[in-house]
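Welcome, and thanks for opening the viewer. Let's take a short walk through some charged side chains, one selection at a time.

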Amino acid sequence: MIISSLPELDRRRTQVTIENMLEKYRIFKSVTFEAKEAGITYSYTERFHGATNTVTDQTAAIATHNVDVPAARRAYCAVIDSVVERLTQREQQLVRERYMRREESYDYTIYNHVFDPPVSKDTYVKIRSKAFYKMALALADLQLLSLATLTKTPAGGNGSKGPKSF
C-alpha cells in the first residue's frame, strides 16, 4: 500500500481561495433568495415567417430556478459547515467567528478578545493557516476546488524564494 504525501500548497493562494469560499457562504446565509415570478402580461412580439423549432416554457423555467437555486445554496452551506466541523476546536472557533458570522469582524478582535486566553498574531496566523490547509484538502476531496490551482509553483529564475507555502 502506497501512502501519498500531502501536497505543498501556496499559502497566499490558499488563503484567498478559502476566504472567497467563506465569503460566498456568508452571502448565502445572510442574503435572502428572491423568487422569480412569471409575467402574465404578454407584449406584442413581431414574428417572422418560419418555425424556430424551439418551445419555451417560461413558467417551468422559473419554477425550476426557484427550486434549484435555493437547494444549491443550502447544499453549499451544508458542505462548508461539515468541513468546518472536522477542524480542531481552536480552528473552528477562528473560522466561525472570523468568517462565518453575519457581521464582519477583524483578525485582531479574534486573537485578542475571542480566544481565551488571547493569542499572539503569529499564533493566530499559524492556526488560520493550518485550518485553511485542512479545509482546502477537504474541499478538494469533495471536488469543490482544485488543488492544482493552489499548489506551490517553483521559484523563477530571478533568484527569488517564491511564495510562502505550508
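Start by selecting Arg 98: its relative accessibility is 14%, so this residue counts as buried, the cut-off being under 20%. Keep in mind as you look around that this is a predicted model.

With Arg 98 still highlighted, add Asp 107. The two side chains form a salt bridge, with N and O 2.7 Å apart. Asp 107 has a relative accessibility of 24%, which makes this partner partly exposed.

Next, select Glu 97 and Arg 101. These two also pair in a salt bridge, and their closest N and O atoms are 3.0 Å apart. Both ends reach the solvent-accessible range called partly exposed: Arg 101 at 35% and Glu 97 at 23%. Now add Glu 103 to the selection, and you have a network of salt bridges that links Glu 97, Arg 101 and Glu 103.

For the last stop, select Lys 152 together with Glu 8. Here the closest N and O atoms of the salt bridge are 3.3 Å apart. Which parts of the chain does this pair tie together? Lys 152 sits in the segment after helix 5 (121–141) and Glu 8 in the segment before helix 1 (11–30), so the bridge joins parts 144 residues apart in sequence. Color the pair by accessibility if you like: Lys 152 is partly exposed at 35%, and Glu 8 is partly exposed at 40%.

If you would like to keep exploring, the structure holds eight salt bridges, among them the pairs you have just visited.

Notes. Residues numbered from 1 in each chain as written. Predicted model: local features only at pLDDT ≥ 70, side-chain atom pairs only at ≥ 80, totals over all residues. Heavy atoms only, no water. Salt bridge = Lys/Arg side-chain N within 4 Å of Asp/Glu carboxyl O. Helix = DSSP H or I, 4+ residues; strand = E, 2+ residues; numbered from the N terminus. Buried < 20%, exposed > 50% of the residue type's maximum accessible area, 1.4 Å probe, protein only.
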